[in-house]
Amino acid sequence: MTFHVSLGISARKTAFILKNVFGIGASYQTILNYTQHAAYYCHKFNFAKKSTVENIQAGDETYIKIKGENAYVFFFISGKNLRTISAYHVADSRDTQPAIIAMDEAFRTADPDEIKIAVTDGNPSYQAAIHFLNSAQEDGNKIFLKKVIGLQNLDSESEEFRPFKQIVERLNRTYKHHVRAANGFSSYNGAVVLTTLFVTHYNFIRPHSSLNYNVPVPIWELENIPTIQGKWAQIIKMATQLDIAA
């Protein structure tokens, strides 16, 4: 997990490091199998431990390759202070349904008494998603869309909310760095696995300079663990216990 996910090293090179540096004989397929099992638990952990998110959420989709075809990962991230990834979803299109799934999860733990704002680009799927989600909400609990269009601020809305859009664009670049070693995915499941584990790493393990080198979601059980591998071991332990309790 430390090499393959946190350091963005391919499964084959991770297996090479384990064998030739640590003397641990594990094939690259063993690495992939392990991450698949871990992702099942970490997905539930990501949702359960996300905590309260901010009322302004920045969303965007970035493309990946699955079996040589374009696919997309939708991300939403808290835009002011927390830098928490509040939602993620892998899809084969940029259509309305994956936008609905991601946006609904993004605001699930937001304060219902605050005005909820989604900051996105001009993809019409987000507008359609908001219409769908708002149709089932009371007037006081609706989501408002703020669009940031193009690379220049040609309107007041783009100027005001561009900093939030830049945050999710930086997140996309960080994600691409961590999955680049995969050189595309051979299956949809593989894309979901690595995306899930990236979110676990980003929210609970990776220190952020914008947060004074703290993590977006502090967990006290990890505070006195100095190593990345130790943090992963504790997270997986907590995640399996969470699954048993459910």
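Two strands count as paired if DSSP finds at least two bridges between them. Keep that in mind for these exercises, and remember that the model is predicted.

**Exercise 1.** Work out how S1 and S4 pair, and which residue in S4 stands opposite Ala58.

*Solution.*
- Start with the bridges: S1 and S4 share three of them, in the parallel sense.
- The cut-off is at least two bridges, so three is enough to call S1 and S4 paired.
- Now look up Ala58: the residue across from it in S4 is Val119.

**Exercise 2.** Lay out the strand order of the open sheet and find its edge strands.

*Solution.*
- There are five strands, and reading across the sheet gives S3-S2-S1-S4-S5, with mixed pairing.
- S3 and S5 (143-147) sit at the edges, each pairing on one side only.
- From one strand to the next, the twist averages 25°.
- For the mixed pairing, take S4 (residues 116-120) with S5: they run parallel over five bridges, and Lys116 stands opposite Ile143 in S5.
- Then take S2 (residues 69-78) with S3: here the sense is antiparallel, over six bridges.

**Exercise 3.** Find which strands helices H4 and H6 touch, and the angles their directions make with S3 and S1.

*Solution.*
- H4 (residues 96-106) packs on the sheet and touches S1 (56-66), S2, S3, S4 and S5.
- The direction of H4 makes about 160° with that of S3.
- H6 (residues 156-179) also packs on the sheet, with contacts to S1, S2, S3, S4 and S5.
- For H6, the angle is taken with S1 and comes to about 40°.

**Exercise 4.** Look at the hairpin of S2 and S3: how many residues lie between the strands, and which residue takes a positive phi?

*Solution.*
- Count the residues between the two strands and you get six.
- Check phi in this hairpin: Arg83 has a positive value near 60°.
- Moving into the strands, Phe75 has Tyr88 in S3 as its bridge partner.

**Exercise 5.** Decide whether S3 and S4 are enclosed or open, using burial.

*Solution.*
- Buried means under 20% relative accessible area.
- For S3 (residues 85-91), seven of the seven residues pass that test, so the rest of the structure largely encloses this strand.
- For S4, five of the five residues are buried, so S4 is largely enclosed too.
- Split S4 by face: Lys116, Ala118 and Thr120 are buried on one side, Ile117 and Val119 on the other, so both faces are covered.

Note on methods
Residues are numbered from 1 along each chain as its sequence is written. This is a predicted model: local features need pLDDT of at least 70, side-chain atom pairs count only at pLDDT 80 or more; totals for chains, interfaces and linings use all residues. Side-chain values use heavy atoms; hydrogens and water are left out. Buried means under 20% relative accessible area, exposed over 50%, partly exposed in between (1.4 Å probe, protein chains only). Helices (H or I, at least four residues) and strands (E, at least two) are DSSP runs, numbered from the N terminus. Axes are lines fitted to C-alpha atoms, for helices over the stretch in contact, and angles run from 0 to 180 degrees between N-to-C directions. Contact means heavy atoms within 4.5 Å.
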